[in-house]
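Visitor: I have a few minutes before my gel is done. Can you walk me through this one?
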Amino acid sequence: MKFTFDYDALCQAVTLAASSVPARAPQPLLTNLCFHIENGICQITGGNGQQMLTAICLVEGSGPCKFLLLADTLSSLLRTCRSQPITLTVGQQIVIESYPARFQFNLQDSANYPIHENAVGSSAIADAHLTVKSSELAQAIDRVLFVADTPRLARAVESPCMLWRFEDGRLVFAAIDG
């Protein structure tokens with residue numbers, strides 16, 4: 001199976017998912033990112049086995065396909081590709097190509113990867129959708145953004161951020177305030 005990724009979208013998804021991979025993984029399997037591709041959507045999951053983070057990006061190619069790649073190796077490899085489309089071929093091996101580079105990896109079984117079974121396109125993901133009016137979303141962001149954008153916070157936190165979560169059917173925002 002052959003898949004083509006936009007470089008920037010893949011880098012963002014891999015960076016996000018890899019950020020949850022622990023430096024000292026409790027199991028060697030957890031040094032990997034789990035790719036699950038189906039219907040033009042790629043879920044990339046990483047974590048420590050108890051807390052898993054999944055990033056999603058679009059891909060040309062339909063799948064279904066599920067495999068593992070080492071998080072740090074993939075992150076390093078992507079830094080060498082420099083904004084080229086990335087082609088990933090899954091067969092006996094995994095081949096990643098971005099002109100002029102070509103990398104090969106052994107195919108690793110993903111059956112024992114501790115991922116929550118939210119298969120792409122499943123009702124579990126569909127149930128997680130939320131519709132919010134753009135004006136209400138902008139207002140909620142404005143209410144907490146000022147806290148993440150203060151000089152005091154910029155000195156205390158290298159990368160100020162805004163967090164959000166679903167709580168009792170609502171979308172709740174919070175900002176780091178130092």
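Visitor: Glu 97 first. Is it exposed, partly exposed or buried, and what is its relative accessibility?
Guide: This is a predicted model, so keep that in mind. Glu 97 is partly exposed, at 29% relative accessibility.

Visitor: Which residue does the Glu 97 side chain meet in a salt bridge?
Guide: Arg 102. The N to O distance is 3.5 Å. Arg 102 itself is exposed, with a relative accessible area of 52%.

Visitor: How many salt bridges does the structure hold?
Guide: The structure holds 1 salt bridge.

Visitor: Switching to helices. Which residues of α2 are buried?
Guide: Helix α2 spans residues 71-81. Its buried residues are Ala 71, Leu 74, Ser 75, Leu 77, Leu 78 and Cys 81. They sit on the same side of α2, because they cover an arc of only 165 degrees around the axis.

Visitor: Why would residues three or four places apart point the same way?
Guide: An α-helix has 3.6 residues a turn, so that spacing brings them round to the same direction.

Visitor: And which exposed residues are on the face turned away?
Guide: Asp 72, Arg 79 and Thr 80.

Visitor: What covers the buried residues of α2?
Guide: The cover includes α1 (7-18), along with strands β2, β5, β6, β7 and β8. Helix α2 lies across β2 and β5, at about 85 degrees to β5.

Visitor: What phi does Arg 82 take, just after α2?
Guide: A positive one, about 55 degrees.

Visitor: Now the sheet. What is the strand order?
Guide: β4-β3-β2-β5, an open sheet of 4 strands with antiparallel pairing. The edges are β4 and β5, each pairing on one side only. On average, neighbouring strands are turned by 20 degrees against each other, ignoring direction.

Visitor: Where does α1 go relative to that sheet?
Guide: Helix α1 packs on it and touches β2, β3 and β4. The direction of α1 makes about 175 degrees with that of β4.

Visitor: How many bridges join β2 to β3?
Guide: 5, and the two strands run antiparallel. One pairing puts Glu 38 opposite Ile 41 in β3.

Visitor: Last one. Where is Pro 64, and is it buried or exposed?
Guide: Pro 64 is in the loop between β4 (52-58) and β5 (65-70). Pro 64 is exposed, at 54% relative accessible area.

Visitor: Which residues does Pro 64 touch, leaving out those up to four places away in sequence?
Guide: Met 1, Ile 37 and Glu 38. Also, the C-alpha atoms of Pro 64 and Asn 39 are separated by 7.2 Å, though the two residues are 25 residues apart along the chain.

Technical notes:
Residues are numbered from 1 along each chain as its sequence is written. This is a predicted model: local features need pLDDT of at least 70, side-chain atom pairs count only at pLDDT 80 or more; totals for chains, interfaces and linings use all residues. Side-chain values use heavy atoms; hydrogens and water are left out. A salt bridge is a side-chain nitrogen of Lys or Arg within 4 Å of a carboxyl oxygen of Asp or Glu. Buried means under 20% relative accessible area, exposed over 50%, partly exposed in between (1.4 Å probe, protein chains only). Contact means heavy atoms within 4.5 Å. The arc is that of the directions from the helix axis to the C-beta atoms. Two strands pair if DSSP finds at least two bridges between them. Axes are lines fitted to C-alpha atoms, for helices over the stretch in contact, and angles run from 0 to 180 degrees between N-to-C directions.
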